[in-house]
Amino acid sequence: YNGHGTLLTQQSGGFDDIDLPSAVKYLIASDPNLQVLGAAYLQHKCYSDGNAKKQARSLQAMPKLVKLFNSPNQEVQRHATGAMRNLIYDNAENKLALVEENGIYELMRTLREPDDELRKNVTGILWNLSSSDNLKDRLARDTLEQLTDLVLVPLSGLGGSGVIQQNPSEAEIFYNSTGFLRNLSSASQQTRQKMRECHGLVDSMIHYVNSSLEVGKSEDKSVENAVCVLRNLSYRLYDEMPPSSLQRLEGHRRNNSSTMTGELVGCFSPQSKKAREHYMSADIVTFTEVSKDPKGMEWLWNPQILRSLTGLIRNLSRHARNKDEMSTKVVSHLIEKLPGGAGDKSPPADVIVNIIAVLNNLVVESPMAARDIVYFDGLRKLFYIKKRRDRLASDNEKSSRAAASLLGNMWQYTKLHRDFKMKGYRKEDFLSL
């Protein structure tokens, strides 16, 4: 090592004069040049060699590398974290050894260093660690607040001008971090709740998704991760919501439940259509109030992000290379969101338009998409949306026309005509405007 970032052994043909035991010994040498050499050899040797990873652990390389994470020498830090990143990849025992050596604490200290190469290694290590289910709760407890403050808020654009400004290294750091969150968000109820309540985490994901959509970056890998994080955090949201948030969300209805019950007695039963409409109107008022100024977890039930996510899927469906594959993943879920009758819960009109546009983008190139729409009871819902144009408010005109266009395209699949007729639909139903 010549002191300027170049390993002389690599210049002269590789690591022919060193082995794993020697490399591990170099990690505790007083000369930082030897520490770099030892760490670089481990990084190289353990890239894809499972036996080398096991041997390095038996030689006590893990605690020695952890101690070098916060070395005063930047090159030592880079190579030590780089070696650890390779050592733990696809190796559960090494991941556990890193954690047991107080590795998470040292990694979070290292993340504060103003060095992008180092931060790429640290966030890469965190992402690798988060693939182990038994470590997710601990990682959430020990990393979320710092990761949010140091990476998510500044790199999402939330903490600055509001515009995403990332150089290539920062883009990789943010991608690693959102991949880490994506893994954590699929963990336990406790971890999901900790993520929802972490100040700035949900807001960062929302801001990044919205800002990316505004500039046409719908296929950005970090956008995919962020959307998956939001989706996972919405899982069982109502059941897992803390009492304070639940009270704010349900306050109107809960506070007036006794009054409402008194009003219903003698007029109509709680199960009647009139009662359901009464309760539904109370829900709409409550959700409207909560939606005015969403913060943190409140975004997860806010109509604005439903709108953004369906817009994202709409863009993805337009450019997807394999529309059959995408169809199998999204059609059933999208059909589920559409209203099929007057009493059904209905998303905003522009969300319905986005959903139908996604289905249309898929149907024009994928017979599988058309088949799945039939299979998942999509025809009934699409005909309902199409026919309600003249009966409902003018803001449903677009969704009605979108449904008509989609149904017209579905008729082009002659192999499905028999299925259409079995469900009671004729050619005129599909082709009329």
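**Exercise 1. Placing Q35 in its surroundings**

Q35 is found in helix 3; for this residue of the predicted model, determine whether the side chain environment is buried or exposed, and identify the residues in contact with Q35 beyond its sequence neighbours.

*Solution.*
Step 1. The relative accessible area of Q35 is 12%. Buried means under 20%, so Q35 is classed as buried.
Step 2. Once neighbours within four places in sequence are set aside, the contacts of Q35 are Y26, L27, A29, L68 and V76.

**Exercise 2. The packing of helix 3 and helix 6**

Characterise how the axes of helix 3 and helix 6 cross, and state which residues make the contact.

*Solution.*
Step 1. Helix 3 spans residues 32-45 and helix 6 residues 74-88; their axes come within 8 Å and cross at roughly 20°.
Step 2. Angles under 35 degrees count as roughly parallel, and helix 3 is therefore roughly parallel to helix 6.
Step 3. The crossing of these two helices is left-handed.
Step 4. On the side of helix 3 the contact involves P32, Q35, V36, A39, A40, L42 and Q43, while helix 6 contributes E75, V76, H79, A80, G82, A83 and N86.
Step 5. By character, the residues of this contact comprise eight nonpolar, five polar and one charged.

**Exercise 3. Two residues with positive phi**

For Q60 and D377, give the phi angle, the location in the chain and the degree of exposure.

*Solution.*
Step 1. Q60 is not a glycine, yet its phi is positive, about 65°. Likewise, D377 has a positive phi of about 65° without being a glycine.
Step 2. Q60 lies in the loop that joins helix 4 (50-58) to helix 5. D377 belongs to the loop between helix 22 (367-375) and helix 23 (378-387).
Step 3. The relative accessibility of Q60 is 43%, so Q60 counts as partly exposed. For D377 the value is 34%, which means that D377 also counts as partly exposed.

**Exercise 4. The enclosure of helix 23**

Explain why helix 23 is described as largely enclosed by the rest of the structure, and name elements that cover its buried residues.

*Solution.*
Step 1. Eight of the ten residues of helix 23 are buried, and the helix is therefore largely enclosed by the rest of the structure.
Step 2. The buried residues are G378, L379, K381, L382, F383, Y384, I385 and K386.
Step 3. The covering elements include helix 20 (323-337), helix 21 (349-363), helix 22, helix 24 (397-410), helix 25 (417-422) and helix 26 (427-431).

**Exercise 5. The loop residue S132**

Locate S132 relative to the helices, classify its exposure and give its C-alpha separation from K95.

*Solution.*
Step 1. S132 occupies the loop between helix 9 (116-129) and helix 10 (136-156).
Step 2. Its relative accessibility is 11%, so S132 counts as buried.
Step 3. S132 and K95 are 37 residues apart along the chain, and their C-alpha atoms are separated by 8.2 Å.

**Exercise 6. Confidence along the chain**

Assess the pLDDT of the protein as a whole, and identify the elements with the lowest and highest mean values.

*Solution.*
Step 1. The average pLDDT of the protein is 83, and 81% of the residues score at least 70.
Step 2. Among the elements, the lowest mean pLDDT (38) belongs to helix 17 (residues 257-264) and the highest (98) to helix 5 (residues 61-68).
Step 3. Residues 1-6 stay under 50 in pLDDT, and the model gives them nine contacts beyond four places in sequence. The pLDDT is also below 50 over residues 8-13, a stretch with seven contacts beyond near neighbours in sequence.
Step 4. Where pLDDT is low, the predicted coordinates should not be read in detail.

Terms used
Residues are numbered from 1 along each chain as its sequence is written. This is a predicted model: local features need pLDDT of at least 70, side-chain atom pairs count only at pLDDT 80 or more; totals for chains, interfaces and linings use all residues. Side-chain values use heavy atoms; hydrogens and water are left out. Helices (H or I, at least four residues) and strands (E, at least two) are DSSP runs, numbered from the N terminus. Buried means under 20% relative accessible area, exposed over 50%, partly exposed in between (1.4 Å probe, protein chains only). Axes are lines fitted to C-alpha atoms, for helices over the stretch in contact, and angles run from 0 to 180 degrees between N-to-C directions. Angles under 35 degrees count as roughly parallel, over 145 as roughly antiparallel, 65 to 115 as roughly perpendicular and the rest as oblique. A crossing is left-handed if the near helix is turned anticlockwise from the far one by less than a right angle, and right-handed if clockwise. Contact means heavy atoms within 4.5 Å. Ala, Val, Leu, Ile, Met, Phe, Trp, Tyr, Cys and Pro count as nonpolar, Asp, Glu, Lys and Arg as charged, and the others, Gly among them, as polar. pLDDT is the predictor's confidence in each residue, from 0 to 100.
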